[in-house]
2 protein chains.
Amino acid sequence: MTMDPVLPALPKNFLRPCLLLLLREQQAHGYELLERLRPFGFEGSDPGGLYRSLRKLEGEGLVSSAWEPSSFGPARRIYEITRAGMEELHDRAKGLAEARRTLDTFLGRYEEFVALRRAEAPAPARG
Amino acid sequence: MTMDPVLPALPKNFLRPCLLLLLREQQAHGYELLERLRPFGFEGSDPGGLYRSLRKLEGEGLVSSAWEPSSFGPARRIYEITRAGMEELHDRAKGLAEARRTLDTFLGRYEEFVALRRAEAPAPARG
DNA sequence: ATCGCTAGGGGTAACAAGCACATAGCTGGC
DNA sequence: GCCAGCTATGTGCTTGTTACCCCTAGCGAT
């Protein structure tokens, strides 16, 4: 059944550009990114996927990492965006801007039809 | 390599809501939908996926179909949206509106950073 | 009958997402 | 020492989606 109330319907590989953007704003380790990802629709879940994605980005040379020995807990792997990663981010941003335009088209036509409906049948069950 | 110039990065199940919207505007057969889908970022490709999606929608009761005997070519299957399909469309539209908000967040922060950059290093190579 | 067009459909391999589970280091209590 | 609990990083497994390429069938014209 899988009955979600609204379900986000985020873009396809959205996690990757989000990570690149966040790392561009500020280098970080995975656990921290998990928190900073929330405003982008990732509800704090799935650390596994996050780390996997980070390792993949590193494998592609888009981010680099180094261990940081922590004095109060286990060592962390600090991720940093590379120059190639920034270029990738630019490209993805272009694609996402286009996706937004497409979404606008969709939502525009959707709402247009809703408005039309309302005009045809005003106050269907009222009074 | 598979280097797409921009790559659309559309939402995950975007085809489905698009089909529902198009069928809500006007009933149609598959081949026609293939054309009408273009403004939504589907470059006329993959008829297979389209038909599969349509059959699935029908299996879920969101669209219904009937054969229309054509006098000048092979018969076509005409698809029509059902009431359940319209409700599904409403739900998806909510989700997509949320996705657009998320995209706005992303692009806002992205451009913010780009602008900041430009302020730091104004006119790098300009006569 | 066969070619070419329109229309509808299937198979599959690659990839992404989601979920649970495993590992490892450190701190604090006993 | 030892165990519990926290932080931090990671792996495995199972599904879902996507993308690509191929196949069938009806019809009109040659």
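This tour moves through a predicted model, stop by stop, with a selection to make at each one.

**Before you start**

Residues are numbered from 1 along each chain as its sequence is written, while chains are lettered from A and ligands numbered from 1 in the order in which they are written. Because the model is predicted, local features need pLDDT of at least 70 and side-chain atom pairs count only at pLDDT 80 or more, whereas totals for chains, interfaces and linings use all residues. Helices (H or I, at least four residues) and strands (E, at least two) are DSSP runs, numbered from the N terminus.

**Stop 1: the sheet of chain B**

Select residues 28-29, 63-68 and 76-81 of chain B. The first range is S1(B) and the last is S3(B); the middle one is S2(B). Together they make an open sheet of three strands in the order S1-S3-S2, with antiparallel pairing. Two strands pair if DSSP finds at least two bridges between them. S1 and S2 of chain B stand at the edges with a single partner strand each, so one side of each has no neighbour in the sheet.

Now check the rungs. Two bridges join S1(B) to S3(B), and His29(B) stands opposite Ile78(B). Six bridges join S2(B) to S3(B). Val63(B) has Ile81(B) as its bridge partner, and Trp67(B) has Arg77(B).

**Stop 2: the helices across that sheet**

Add residues 15-25 of chain B, which form H1(B). H1(B) lies across S1, S2 and S3 of chain B, at about 95° to S3(B). Axes are lines fitted to C-alpha atoms, for helices over the stretch in contact, and angles run from 0 to 180 degrees between N-to-C directions. Is H1(B) largely enclosed, and why? Nine of its eleven residues are buried, so the rest of the structure largely encloses H1(B). A residue is buried if 20 or more other C-beta atoms lie within 10 Å of its own, exposed if 12 or fewer, and partly exposed in between; C-beta atoms are placed from the backbone. Among the buried residues of H1(B) are Leu15(B), Arg16(B), Pro17(B) and Cys18(B).

Next, show H3(B). This helix lies across S2 and S3 of chain B, running at about 115° to S2(B).

**Stop 3: the strands of chain A**

Switch to chain A. Select S1(A), residues 28-29, which pairs with S3(A) in the antiparallel sense over two bridges. Ala28(A) has Tyr79(A) as its bridge partner. Then add S2(A), residues 63-68, which is also antiparallel to S3(A), over six bridges. Here Trp67(A) stands opposite Arg77(A).

**Stop 4: where chain A meets chain B**

Show both chains. The contact takes 33 residues from chain A and 33 residues from chain B. Two residues are in contact if their C-beta atoms, placed from the backbone, lie within 7 Å. On the side of chain A, H1 (15-25) and H4 (83-120) each supply at least two residues. H4(A) gives the most, with 18 residues. By class, this side has 19 nonpolar, five polar and nine charged residues. Ala, Val, Leu, Ile, Met, Phe, Trp, Tyr, Cys and Pro count as nonpolar, Asp, Glu, Lys and Arg as charged, and the others, Gly among them, as polar.

Zoom in on H1(A) and H4(B). Their axes come within 11 Å and cross at roughly 35°. Cys18(A), Leu21(A), Arg24(A) and Glu25(A) meet Phe106(B), Arg109(B), Tyr110(B) and Phe113(B). This contact has five nonpolar, no polar and three charged residues.

**Stop 5: DNA strand D**

Select the residues near DNA strand D, where near puts the C-beta atom, placed from the backbone, within 6 Å of the strand. Which of the 23 residues come nearest? They are His29(A), Gly30(A), Gly48(A), Arg76(A) and Gly48(B). H2, H3 and S3 of chain A together with H3 of chain B give two or more residues each. H3(A) gives the most, with four residues. The surface divides into eight nonpolar, ten polar and five charged residues.

**Stop 6: DNA strand C**

Finish at DNA strand C. Of the 23 residues around DNA strand C, Gly48(A), Gly30(B), Tyr31(B), Gly48(B) and Arg77(B) come nearest. H3 of chain A together with H2, H3 and S3 of chain B each supply at least two residues. H3(B) gives the most, with five residues. By class, the surface has eight nonpolar, nine polar and six charged residues.
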